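Me: I've got a model open and I'd like to learn how to read it. Could you walk me through the main features?

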Amino acid sequence: MNWELIWREHGREIFAYVYTRVRNKEEAEDLTQEVFVKAIRSGERYQEGSVNVVALLKTIAKNLIIDKWRTKGAAQTFPLSEEVGNHAGNENVEKLIEEKDEINRALSILNEDQLKVVTCRLIQGLSVKETAALLGKNESTVKVIQFRAIEKMKNKLHQMPAGRDQ
């Protein structure tokens with residue numbers, strides 16, 4: 001396969017695909033580069049015309065994004081530093097930290113599928129259809145997982161005393 005040509009023709013499309021999911025330019029650039037590196041390394045398995053290259057690249061991208069979520073963990077899902085600068089006064093910062101801690105504790109009880117769906121739907125703002133495509137599930141399954149995850153988190157938040165871990 002002519003990877004240079006594939007890069008020129010589809011590099012921006014794959015970058016856009018990754019960027020809409022990670023919402024960070026530098027991370028999207030890094031992941032896009034990783035996508036092509038993995039594709040090139042596995043390229044000898046595919047013959048020209050035997051595979052939809054864009055589908056292959058998007059599948060690799062999806063898997064890399066999911067791996068990234070797994071390694072980051074729920075604690076880094078809500079970056080505190082960006083929001084702290086937007087709030088004036090120590091009370092606001094302390095309240096924000098408490099809220100983030102409560103959310104992170106609630107997220108920590110979710111199973112892997114629930115965490116992925118919540119991350120896609122509520123944090124990254126993806127549609128049910130986009131989430132289903134990214135995770136390889138059907139739309140009704142995504143809706144059920146999201147509903148159960150939210151219920152689980154609500155129950156956890158209602159059980160927790162403010163400012164304390166359980």
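**Reading the fold, helix by helix**

Reply: Happy to. In the protein chain, among contacts with a separation of 6 or more, 65% are between residues 24 or more positions apart. Keep in mind that this is a predicted model.

Me: What does the secondary structure of the protein chain come to?

Reply: There are 8 helices and 0 strands. Reading from the N terminus, the order of elements is α-α-α-α-α-α-α-α.

Me: And how much of the protein chain counts as buried?

Reply: The figure is 35% of the 166 residues.

Me: Let's turn to charged pairs. How many salt bridges does the structure hold?

Reply: It holds 6. The idea is that a side-chain nitrogen of Lys or Arg sits within 4 Å of a carboxyl oxygen of Asp or Glu. Take Glu29 and Lys25: their closest N and O atoms are 3.6 Å apart, so the pair counts as a salt bridge.

Me: Where do Glu29 and Lys25 sit relative to each other?

Reply: Both are in helix H2, which covers residues 25-42. Because they are 4 residues apart there, about one helical turn separates them. As for solvent, Glu29 is partly exposed at 38% relative accessibility, and Lys25 is partly exposed too, at 48%.

Me: What about Glu112 and Lys116? How far apart are the closest N and O atoms?

Reply: They are 3.2 Å apart, and the two residues form a salt bridge. Glu112 and Lys116 are both part of helix H6 (residues 112-123), with a spacing of 4 residues, about one turn of the helix.

Me: Is Lys116 buried or exposed?

Reply: Buried means under 20% relative accessible area. Lys116 has 13% relative accessibility, so it counts as buried. Its partner Glu112 has a relative accessible area of 45%, which makes it partly exposed.

Me: Which residue does Lys154 meet in a salt bridge?

Reply: That's Glu151, with an N to O distance of 3.5 Å. These two belong to helix H8 (residues 139-159) and are 3 residues apart, again about one turn of the helix. Lys154 is partly exposed with a relative accessible area of 40%, and Glu151 is partly exposed with 29%.

Me: Now for helix packing. What describes two packed helices?

Reply: You use the angle between their axes and the distance between the axes. Here, look at H6 and helix H7, which spans residues 128-135. Their axes come within 9 Å, and they cross at roughly 140°. That angle is why H6 is called oblique to H7. The crossing is right-handed.

Me: Which residues make the contact?

Reply: On the H6 side you'll find Lys116, Val117, Cys120 and Arg121. H7 brings Val128, Thr131, Leu134 and Leu135. Sorted by class, the contact of H6 with H7 has 5 nonpolar, 1 polar and 2 charged residues. You've met Lys116 already: this H6 residue also has a salt bridge with Glu112.

Me: One last residue, His158. Where is its place, and is it buried or exposed?

Reply: His158 is in helix H8. Its relative accessible area is 69%, so His158 counts as exposed. It's also a handy example of comparing sequence with space: His158 and Ala106 are 52 residues apart in sequence, while their C-alpha atoms are 9.9 Å apart.

Conventions: Residues are numbered from 1 along each chain as its sequence is written. This is a predicted model: local features need pLDDT of at least 70, side-chain atom pairs count only at pLDDT 80 or more; totals for chains, interfaces and linings use all residues. Side-chain values use heavy atoms; hydrogens and water are left out. Buried means under 20% relative accessible area, exposed over 50%, partly exposed in between (1.4 Å probe, protein chains only). Axes are lines fitted to C-alpha atoms, for helices over the stretch in contact, and angles run from 0 to 180 degrees between N-to-C directions. Angles under 35 degrees count as roughly parallel, over 145 as roughly antiparallel, 65 to 115 as roughly perpendicular and the rest as oblique. A crossing is left-handed if the near helix is turned anticlockwise from the far one by less than a right angle, and right-handed if clockwise. Contact means heavy atoms within 4.5 Å. Ala, Val, Leu, Ile, Met, Phe, Trp, Tyr, Cys and Pro count as nonpolar, Asp, Glu, Lys and Arg as charged, and the others, Gly among them, as polar.
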